[in-house]
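Visitor: I am in my first year and would like a close look at one part of this structure. Could you take me slowly through the disulfide and what surrounds it in the chain?

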Amino acid sequence: QVQLVESGGGLVQAGGSLRLSCAASGSIFRINAMNWYRQAPGKQRELVAAITSGGSPHYADSAKGRFSISEDNAKNTVYLQMNSLKPEDTAVYYCNFNIKQQPLIHAYDFWGQGTQVTVSS
């Protein structure tokens, strides 16, 4: 099985920064994509940033210019550097990996447990 463990959330003032981390462990043959989603109270979960194996990062319009996604393939870890945070960035942030566990089986999505990010005004 695969486990994703997130860290780095917390409370920060508007204009501040946070760095989220998500590390995958377990039976992993290949990670196809690493994504960050967020879900604010009363809203649907939305994609914030994504990066595919060997590909370019993709950002939601709300994250462009402020957030940066990066990966450490040796550690099966993805990071989300969040700068110039705004109160509207307050949400639970989830990492999501698309992982192929064995060469001849389909890839599946796995989710982290979520980490709370709260930005005060």
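Guide: The structure, which is a predicted model, holds one disulfide. A disulfide is a covalent bond between the sulfur atoms of two cysteines. Here the two cysteines are C22 and C95, and their sulfur atoms are 2.0 Å apart. The pair links distant parts of the chain, since C22 belongs to strand 3 and C95 to strand 9 (residues 91–100), with their positions 73 residues apart in the numbering. The torsion about the S-S bond of C22 and C95 is about 50 degrees, and the disulfide is therefore right-handed.

Are the two cysteines buried or exposed? With buried meaning under 20% relative accessible area, C22 is buried at 0%, and C95 likewise counts as buried at 0%.

From C22 we can turn to the sheet that contains strand 3. It is an open sheet of four strands in the order 1-3-8-7, with antiparallel pairing. Strand 1 (2–7) and strand 7 (67–72) stand at the edges, where each has a single partner strand, so one side of each is left without a neighbour in the sheet. On average, and with direction ignored, neighbouring strands of this sheet are turned by 15 degrees against each other. Strands of a sheet pair through backbone hydrogen bonds, either parallel or antiparallel. Strand 1 and strand 3 (residues 18–26) run antiparallel and are joined by six bridges, and within this pairing V5 stands opposite A23 in strand 3.

From C95 we can step back along the chain to the loop between strand 8 (77–82) and strand 9, which is where D89 lies. The side chain of D89 meets that of R38 in a salt bridge, at 2.9 Å from N to O. Because R38 lies in strand 4 (residues 30–39) and D89 in that loop, the pair ties together parts that are 51 residues apart in sequence. D89 is buried, with a relative accessible area of 1%, and R38 is buried as well, at 6%.

D89 also forms a salt bridge with R66, the closest N and O atoms being 2.7 Å apart. Since R66 lies in the loop between strand 6 (58–59) and strand 7, this pair ties together parts that are 23 residues apart in sequence. R66 is buried too, with a relative accessible area of 11%. Through shared partners, salt bridges join R38, E46, R66 and D89 into one network.

Definitions and conventions: Residues numbered from 1 in each chain as written. Predicted model: local features only at pLDDT ≥ 70, side-chain atom pairs only at ≥ 80, totals over all residues. Heavy atoms only, no water. Pairing = 2+ DSSP bridges. Helix = DSSP H or I, 4+ residues; strand = E, 2+ residues; numbered from the N terminus. Axes fitted to C-alpha atoms, helices over the stretch in contact; angles between N-to-C directions. Disulfide = S-S within 2.5 Å. Buried < 20%, exposed > 50% of the residue type's maximum accessible area, 1.4 Å probe, protein only. Salt bridge = Lys/Arg side-chain N within 4 Å of Asp/Glu carboxyl O.
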